[in-house]
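The following report describes the fold of a single chain and then turns to selected residues. Please read it alongside the sequence and the model.

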Amino acid sequence: MSGDERGTRVAVIGGGAVGVTAAYDLARRGEEVVVYEKDRIAGGSTGRAAGVLYDAYAAPEDARVGDRAMARFREFSGEADFEFRETPYVWFAHEGDERRADAIRDQVPRMREAGREVALTTPDELRERFPAVDWSDVGVAAVAENAGHTDPEGYARLLARKAEDAGAEIRTDTEVRLDADALAVERVEAEAGEDGGDSESFDAILVTAGAHTKRLLAVAGIPVPLKPYRVQALTAGFDADRRADLPMCYDTTSGYYLRPHPEGLLAGDGTEEVESDPDDWTREADREFCEVTRDRLGRRLGEFGAVREAWAGLCVATPDRDPLVGELRDGLFVAAGWQGHGFMRAPALGEAVAEAMAGENPLPEFAPTRFDGDEEFEVVEGMTVE
Ligand SMILES: Cc1cc2nc3c(=O)[nH]c(=O)nc-3n(C[C@H](O)[C@H](O)[C@H](O)COP(=O)(O)OP(=O)(O)OC[C@H]3O[C@@H](n4cnc5c(N)ncnc54)[C@H](O)[C@@H]3O)c2cc1C
């Protein structure tokens, strides 16, 4: 496939943040794009994501992706109902947690070398700058300035609309299966039909099916080392005045995060470090997650309001915690395995895989062919600092 050939036919399987971004970037290059989404736009993990965005990565390829993603979030902000809200991101280890304190002390200079606007800070500075939070148990902390939050579903809806405006066709409520050899997709529900299904062929196919990516490719005979795992989040009330003094936080010792939210605050954790079945998992949050999170929020913030919503969703792990982005077989591309960081990088990774489909190789570090597909590995929570 070449960017110079106009009108190459491309299928994108999955209408999450990554799929609709890729669809937009392919369509505006003049490709003929069809997006298949079995549910609605953002009906998978994107619609369940917390919307925490930052560029605080140390590896040069991650830093490049972070730069591009943040620039695009800012560029799109204000279109339709999508809004990127600038908010610093603070991550910290408790006093006495030397392992994570050392990890933060080690990360920050490497991130700065990679051009990130991050710095070590002290509990006193944090108290001064963010009085809504109790920092008394904090030993070592760092702050990233190039950060913010947004509504992930609003982003996906906007990019789907932009893709359509650029000429893409978006078919929601359309589950497909993949025929990798024929570079074709077939509607799943058409199987029982009398005409034996309606298969469509393409010049290239991109699989951005999130937690279903491994299963979809496995049915087509292609193994990839991806493991979905379950995480949880909730929203709760929080005083509007104090919200203005609330940064996004990640407590690396306890392993939870929080951020301001239009209804108060949003907090998340509840990670299960085991492989989940993408077709059989509990969508509601566990009672224990809600109780533990309420307790943590009480200690960190003092008073806060009632829990409004609590839910679970799936993230996807890889053996080296880096994603699979690029060509798997001739004409068959994949973009998946974000280890809990797929939404914040979607504007860059969706674009990168569109570029890969145009024959460029923007992220060789993430080539899916670096794995055989049958690797054994443990699921590790993506935000872990150690
Ligand atoms: C509780 C929670 C909090 C999170 N918080 C953050 C965060 O703060 N920041 C961050 O960066 N990331 C976060 N994440 C991770 C983030 O949600 C994902 O990394 C990101 O949404 C992945 O986007 P995607 O487009 O790859 O996948 P998805 O959004 O899952 O999209 C895949 C789509 O493919 C569709 N599909 C699957 N199979 C088929 C098929 N056979 N045919 C047609 N369609 C199909 C699905 O319906 C789905 O809509 C969080 C995740 C959860 C669950």
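Helices and strands are DSSP runs, H or I over at least four residues for a helix and E over at least two for a strand, numbered from the N terminus. On that basis, L183 falls in the loop between strand 10 and strand 11 (184-187). The model is a predicted one.

**Overall architecture**

The chain contains nine helices and 20 strands. Its radius of gyration is 21 Å, which agrees with the value near 21 Å that a compact globule of 386 residues would have. Along the principal axes, the C-alpha atoms occupy a box of roughly 65 × 45 × 40 Å. Buried residues make up 56% of the 386 in the chain. Among contacts with a separation of 6 or more, 75% are between residues 24 or more positions apart.

The exposed surface of the chain amounts to about 16,000 Å², of which 42% is supplied by carbon and sulfur atoms. The chain carries 44 positive and 80 negative charges, and the mean positions of these two sets are 3 Å apart.

**Domains**

Two domains are assigned: domain 1 comprises 9-50 + 152-225 + 319-370, and domain 2 comprises 86-146 + 227-317. The contact between them draws 13 residues from domain 1 and 19 residues from domain 2. Their C-alpha centres are separated by 30 Å.

**Residues in loops**

T208 is located in the loop that joins strand 13 (204-207) to helix 6 (213-219). Is T208 buried or exposed? Its relative accessible area is 7%, and the limit for a buried residue is under 20%, so T208 counts as buried. Beyond the residues up to four places away in sequence, T208 touches V12, I13, G14, V18, G19, T213 and A335.

E175 occupies the loop between strand 9 (169-171) and strand 10 (176-179). With a relative accessible area of 41%, E175 is partly exposed, because that class lies between the 20% and 50% limits. Once neighbours within four places in sequence are set aside, the contacts of E175 are K38, E186, R187 and V188.

Two further loop residues have an unusual sign of phi for a residue other than glycine to be noted here: L183, with a positive phi of about 45°, and A80, with phi near 50°. A80 belongs to the loop between helix 2 (60-76) and strand 4 (85-86). L183 counts as buried at 13% relative accessibility.

**Residues in strands**

A147 is part of strand 8 (residues 147-149). The relative accessible area of A147 is 0%, and this residue is therefore buried. Which residues does A147 touch, not counting residues up to four places away in sequence? They are L53, Y54, M70, F84, R85, E86, T87, P88, Y89 and M248.

H261 belongs to strand 16 (residues 256-261). At 17% relative accessibility, H261 also falls under the 20% limit and so counts as buried. Leaving out residues up to four places away in sequence, H261 is in contact with T235, R243 and L266.

**Separations in sequence and in space**

The table sets sequence separation beside the C-alpha to C-alpha distance for four residue pairs.

| Pair | Separation in sequence | C-alpha distance |
|---|---|---|
| T208 and V188 | 20 residues | 17 Å |
| H261 and T235 | 26 residues | 7.6 Å |
| A147 and S199 | 52 residues | 43 Å |
| E175 and L26 | 149 residues | 21 Å |

One of these pairs, H261 and T235, has C-alpha atoms separated by 7.6 Å, and T235 is also listed among the contacts of H261. For A147 and S199, 52 residues apart along the chain, the C-alpha separation is 43 Å. E175 and L26 are 149 residues apart in sequence and 21 Å apart in space.

Methods
Residues are numbered from 1 along each chain as its sequence is written. This is a predicted model: local features need pLDDT of at least 70, side-chain atom pairs count only at pLDDT 80 or more; totals for chains, interfaces and linings use all residues. Side-chain values use heavy atoms; hydrogens and water are left out. The radius of gyration is taken over C-alpha atoms; the globule rule is 2.2 Å times the number of residues to the power 0.38. Buried means under 20% relative accessible area, exposed over 50%, partly exposed in between (1.4 Å probe, protein chains only). Contact means heavy atoms within 4.5 Å. Accessible areas come from the Shrake-Rupley method with a 1.4 Å probe; for residues, only the protein chains shown count as cover. Lys and Arg count as positive and Asp and Glu as negative; His and the chain ends are not counted. The place of a charge is taken as NZ of Lys, CZ of Arg, CG of Asp or CD of Glu. Domain bounds come from an automatic or database domain assignment.
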